[in-house]
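Biologist: Got the model open? I'd like to talk through the DNA side and then a sheet.
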Number of protein chains: 2
Amino acid sequence: MSVTIKDVAKAANVAPSTVSRVIANNPRISERTKVKVREAMELLGYHPNFIARSLANQATQVIGLVTPGSSDVFFQNPFFPTVLRGLNEGAHEHQYALQLVTGKSEDDIYNGVVQMVQGGRVDGVVLLYSKVEDRIVSYLQERNFPFVMIGKPYKMADSITHVDNDNVRAGFDATEFLIGMGHERIAYVGGDKQLVVTVERLQGYKDALQKAGIPYRDDYTVHESFLLEGGKDAICALMELPEQDRPTALLVTDDLMSLGVLNTLSELDMSVPEDISIISFNNVLFSEMSRPPLTSVDINIFQLGYEASKQLINCVENKDVPYHRITVPHKIVKRFSTEYTKK
Amino acid sequence: MSVTIKDVAKAANVAPSTVSRVIANNPRISERTKVKVREAMELLGYHPNFIARSLANQATQVIGLVTPGSSDVFFQNPFFPTVLRGLNEGAHEHQYALQLVTGKSEDDIYNGVVQMVQGGRVDGVVLLYSKVEDRIVSYLQERNFPFVMIGKPYKMADSITHVDNDNVRAGFDATEFLIGMGHERIAYVGGDKQLVVTVERLQGYKDALQKAGIPYRDDYTVHESFLLEGGKDAICALMELPEQDRPTALLVTDDLMSLGVLNTLSELDMSVPEDISIISFNNVLFSEMSRPPLTSVDINIFQLGYEASKQLINCVENKDVPYHRITVPHKIVKRFSTEYTKK
DNA sequence: TTGTACGCGTTATCAT
DNA sequence: ATGATAACGCGTACAA
């Protein structure tokens, strides 16, 4: 059995409640007894029991982290560790711990969340972007339980606190970047159409084309899963277009996808950026490790996580903070996969 | 306030203790009251409070996960998400949750662990391999607190339960694989010398050379940090050797490093596998996404995590399980970075 | 300024 | 088969 507040009390010749107050640094305790008690704590190697404290406080100082199914590609994407680092750092600064909820199936995850929440294991929840959250979101909203999302919610985006990039703008900027290099035949290679990011970046892409007076072509839009093999066929189709129709630049919405695209292009004997330019998204570690290193839109993944923690803790500690939307800035990191058109 | 066991008791016209027994499915409760109580629980939407339960049980059903400093490269390596998936799945099967401990500095982490442990937040701890654990390990050992390591401990490997590959054997197998392809000039590109894996795989490499009667050369051994840029100089040095001295194959102990090596080689206009073969380690997702796809020793990262959870839970639930060493098998996945020597 | 007593939601022991 | 009661370790009104 560990040393408890009572042991300390005895050793210091005070009541348990006094010890408790010393821990909380209650100003109504005399300096002299504070010192005395602290010495006793030190001597006995006392550490407060979080569980008991949580029970008394009705608060755990733990944040639940909900991720998409663990079998999902999600875990494989370097996005995950980075956002995790951010979350962790934000939580750490306020002495909160992070607890994971995952599962193989959607049901698994849902039940995990319910257990966490009803079981009082966590004070709040951060949802990592995915398409399956609907049930979870409504559940949390119903119970009025503190949560924030990373990424933009499907629905009711203006009643759910979330941390996100301005993805329309990001798509716009990336496209304009290519246009600025003289490209006019730009194709959009996006991820799952169900994902809000995909849709938003596409919107930005269209906006930029329109602004430049470049007509939008349906056959220049490709949607593939975030995994790599997926893209192959689509890319081939694009490259088999007659030369004057073939895109000179690609906007690819994820670095992982870009890697796949690079491989496919290499098999087709097209070189980047000589034959075709690529601008990518996310700027994870290996965007600089590919050949060639990718020009990528840095969406500040770490910050996304960091802000999410901060926001959530704010919601938890200050009852009834109003709805918030945090927009994390992006910026284009130029590397070697983009080049001016020859023409 | 949530609905408690007392509310259920009232609703079902029984004592709280009876409800508790129903939850535990105590056989000494009549079917009839079980049904009655369960109905009441359903009706009220009752969920047991984990915190209270933990306090009464002196057990939290939570596993603490200790990772190296979050600023570290560790998070960036795809090793992490995969092992996490494994850990999660193992924990999930036994209804355990995962809680993270990280920090920027070594002290941060150490304090985090102490808080977790003394604070009674977790029932056991899994240590992810790193070099800084010494203090933590001794702390845990002193307090006789359940923990398992992933990877091999520095010291006292035979008194610490750990889950690991047979890395000597893995190094041996990889080297023999290259030798079997006719290679004789094989260089070893390893990570940080402080890491046990690095040393063990090197040992296996030496063993294989010896068995084949190939003399070991000091200038064929390179140690670089797991990060990519690091390798560059060393690789260049190797490639600048006179042609008859230049290695025809490389054994690189991490896929991330291999990516860097591939890039360096490409800059030097050497092609893989035509000019030089590479066998890599870990077989993370992008070993098949590189150009060329890497032949890599699959160390079964998922399994590493999965077994670690299982082991830990075993330690936690059955007092005094003896020391255990779990060895997770590896296997070579052949792709396109290795080829028979021309000669 | 400090001590007393009760509550947080469960489980476990001891009765009945 | 079930109910009453005492822990579990801490926070906090209320009393002194």
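Modeller: One cut-off before we start: a residue is near a strand if one of its heavy atoms lies within 4 Å of it. And keep in mind that this is a predicted model.

Biologist: Fine. Which parts of DNA strand D lie within 4 Å of the protein, sugar or phosphate, or bases?
Modeller: Of those atoms, 66% belong to sugar or phosphate. The rest are base atoms.

Biologist: How many residues surround strand D?
Modeller: 26. Among the closest are A:Tyr46 and B:Arg21. By class, there are 11 nonpolar, 11 polar and four charged residues.

Biologist: Which atom of strand D is 2.6 Å from the side chain of B:Arg21?
Modeller: A base nitrogen, with an N or O atom of the B:Arg21 side chain at that distance. Phosphate oxygens of strand D have partners too: a polar side-chain atom of A:Arg53 at 3.0 Å, and an N or O atom in the B:Thr33 side chain at 2.9 Å.

Biologist: Which elements give two or more residues to that surface?
Modeller: Helices H2 and H4 of chain A, together with H2 and H4 of chain B. H4(A) gives the most, with four residues.

Biologist: New topic. What is the strand order in the chain B sheet?
Modeller: E7-E6-E8-E9-E10-E12, an open sheet with mixed pairing. E7 and E12 each have a single partner strand, so one side of each is left without a neighbour in the sheet.

Biologist: How do E6(B) and E7(B) pair?
Modeller: In the parallel sense, over three bridges. B:Val189 has B:Val222 as its bridge partner.

Biologist: What does helix H9 of chain B touch?
Modeller: E6, E7, E8 and E9 of chain B. The direction of H9 makes about 170 degrees with that of E6(B). Helix H11 of chain B also packs on the sheet, touching E6, E8, E9 and E10.

Methods
Residues numbered from 1 in each chain as written. Chains lettered and ligands numbered in written order. Predicted model: local features only at pLDDT ≥ 70, side-chain atom pairs only at ≥ 80, totals over all residues. Heavy atoms only, no water. Pairing = 2+ DSSP bridges. Contact = heavy atoms within 4.5 Å. Axes fitted to C-alpha atoms, helices over the stretch in contact; angles between N-to-C directions. Polar contact = N/O pair within 3.5 Å; in protein donor to acceptor, adjacent residues only side chain to side chain. Nonpolar A, V, L, I, M, F, W, Y, C, P; charged D, E, K, R; others polar.
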